[in-house]
Amino acid sequence: MTLEVDRYICVGAGNCVLAAPEVFDQDDDGLVQLLQTDPAADQQEAVRRAASRCPSGAILPD
Amino acid sequence: MTESGTPRMFQRDENFASVFAPGSPPRQVESPFADEPLWVVTDWADARVVLSDADHFSRGRIEFQGMDAERVRKLRAGMLLAQDPPDHTRLRRMLTGEFTVRRIRSLEPRITEIVDDHLNALERIGPPADLVAHFALAIPSLVICELLGVPYDDREAFQDRAARTIDFTLDDEERRRVGDESRDYMGILVRRHRQHPGDDLLSRLIGAHASGGGEDDLSDDELIGIGNLLLIAGHETTSNMLALGTLTLLRHPDQLAVLRSDPDGWPVAVEELLRYLSVVHTALPRVVTADVTIGSTRVAEGDLVAVSLPAANRDAALAEDGDDLDVLREVTNHVAFGHGIHHCLGAPLARAEMLIAFPALFQRFPRLALADPDPTSVAYRKRTFIYGLTELPVTW
């Protein structure tokens, strides 16, 4: 899995951090930050959950 | 429990279901907000589309009826929920840092202290006691007031204004007066924080975005709008979740037993309560900016569209047997907090408050029960924009 995030459309809801805290973080302004771009197999379901929960569609797993 | 005069949008049955069938095509109903009819969306996938497509479904282009231009300008200022990008984006970016998961985590010790104080107070009062006044409303109220920097003594007046702001039994004149009172008060607060900044959101906002004389700076009207929005949102949402959530769990002792035996289950249970209760009856109406289809239903430019959050959250596409409460159900992409750019900014705070308050309440009072077990005795708020209880007498 390769993973990208779109900080431009991120609305800082923090849902991704709750869904996959080992993969996503928020910077001081609340915008999404990737802790890893190539999540391990055991993280991929959580990443997809985070993408589905993201209100602005800012999380883009391939 | 519905009564004549309650808009259909605000009606629920005894299991908190909306009157609209989940997962149906949109249909037009009478609007509680305006004279024009309103499309109601109850399909979960449709709901996500409508809420996330701000180009076709605009909040910013909603017209305020029967008001002069100056009044509309003041009402819109700082009111994120009445704006589209890029205006909305500018304001949201100034606030997201205040509500990050990490930031809210740093508030948890203080929230725990506040919850404990209120549980102690309940013990002192003794049963029966009103859980709304002493717990469900009191805790979120104190939390949001501390976060924003509202002095303790002003809190009661604030709770009252927040409740009246969303009360549709008030006539236009009264609602206007409440709005003016709220803005006047917030204006005083903004001036006070400008002169004496503290460790609070309003002071930080002024320091970062309203004191440099830059062209992007927030005006006082915007600061007032933001402050009022956050205060109302902070009062009227979590408090109703705490009250209705407690009522719901007391009515489902088997579900409560699951949580008593496994306190680690609370995060999943809170999401299920959010889905099941969906205290915000409807996402604020959007205006259609160009002819478009929702599912296979054609809606025309200028039409108004709303999403029934309780209906969409019981769509089988999201949750099978959605009318049933199941605290083990792992539903995370419900729309109780909305979806799209207007997704609740305070969701991490609301979750933290619930995750601290619910377990603490049931742990402190293992024999918590309704003072009057008769289901018809429960005092629901009937004509407010957000569902809730006026009181919840309990014993323990």
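1. Let me start with Phe385(B): at 12% relative accessibility, this ring counts as buried (buried is under 20% relative accessible area, exposed over 50%, partly exposed in between, with a 1.4 Å probe and protein chains only). Phe33(B), on the other hand, comes out at 28% relative accessibility, so this residue is classed as partly exposed.

2. Before going on, some housekeeping. This is a predicted model, where local features need pLDDT of at least 70 and side-chain atom pairs count only at pLDDT 80 or more, while totals for chains, interfaces and linings use all residues. Residues are numbered from 1 along each chain as its sequence is written, chains are lettered from A and ligands numbered from 1 in the order in which they are written, and side-chain values use heavy atoms, with hydrogens and water left out.

3. How much does the predictor trust this model? The complex gets an ipTM of 0.95 and a pTM of 0.95. Chain B has an average pLDDT of 92, and 99% of the residues score at least 70 (pLDDT is the predictor's confidence in each residue, from 0 to 100).

4. Now the aromatic pairs. Rings of Phe, Tyr and Trp (its six-membered ring) pair if their centres lie within 6.5 Å; planes under 30 degrees apart are stacked, over 60 edge-to-face and the rest tilted. That rule gives 11 aromatic pairs over all chains. One of them joins Phe33(B) and Phe385(B): the ring centres are 5.9 Å apart and the planes sit at 70°, so this is an edge-to-face pair. Phe33(B) is in the loop between strand E1 (27-29) and strand E2 (38-41) of chain B, and Phe385(B) in the loop between strand E10 (379-381) and strand E11 (388-391) of chain B, so the pair ties together parts 352 residues apart in sequence. (Helices, H or I with at least four residues, and strands, E with at least two, are DSSP runs numbered from the N terminus.)

5. Trp266(B) and Phe358(B) make a stacked pair, because their centres are 5.7 Å apart and their planes are at 10°. Here too distant parts of the chain are linked: Trp266(B) belongs to helix H13 (residues 266-277) of chain B and Phe358(B) to helix H15 (residues 347-364) of chain B, 92 residues apart. Both Trp266(B) and Phe358(B) are buried.

6. There is also an aromatic cluster, made of Phe16(B), Tyr276(B), Tyr380(B) and Tyr387(B). Arg314(B) lies over the face of Tyr276(B), 4.4 Å from the ring centre. Arg161(B) does the equivalent over Phe158(B), at 4.9 Å from the ring centre. (A charge sits over a ring if NZ of Lys or CZ of Arg is within 6 Å of the ring centre and within 35 degrees of the ring normal.)

7. Which residues have the most contacts inside the largest nonpolar core? Val115(B), Phe135(B), Leu244(B), Leu247(B), Val307(B) and Leu389(B), in a core of 123 residues. (A nonpolar core is a set of buried Ala, Val, Leu, Ile, Met, Phe, Trp, Tyr and Cys residues joined through side-chain atoms within 4.5 Å.) H15(B) gives the most to this core, with 11 residues. A second, separate core has 19 residues, including Val32(A), Val47(A), Ala50(A) and Ala51(A).

8. Leu244(B) deserves a look. Leaving aside neighbours within four places in sequence, Leu244(B) is in contact (heavy atoms within 4.5 Å) with Phe16(B), Leu277(B), Val279(B), Tyr380(B), Tyr387(B), Gly388(B) and Leu389(B).

9. On to the strands, which pair if DSSP finds at least two bridges between them. E2(B) and E8(B) run parallel over 4 bridges, with Leu38(B) partnered by Leu304(B) and Val40(B) by Ala306(B). Strand E5 (residues 286-288) of chain B pairs with E8(B) in the antiparallel sense over 2 bridges, and there Val287(B) also has Leu304(B) as its bridge partner. E1(B) is antiparallel to E2(B) over 3 bridges, where Arg27(B) is matched with Val40(B).

10. Are the faces of strand E8 (residues 304-307) of chain B covered or open? Both are covered: Leu304(B) and Ala306(B) on one side, and Val305(B) and Val307(B) on the other, are all buried. In E2(B), Leu38(B) and Val40(B) point one way, Trp39(B) and Val41(B) the other, and all are buried.

11. Elsewhere in chain B, 3 strands form an open antiparallel sheet in the order E4-E12-E9. Strand E4 (129-130) and strand E9 (369-370) of chain B are the edges, each pairing on one side only. Within E9(B), Ala369(B) stands opposite Thr395(B) of E12(B).
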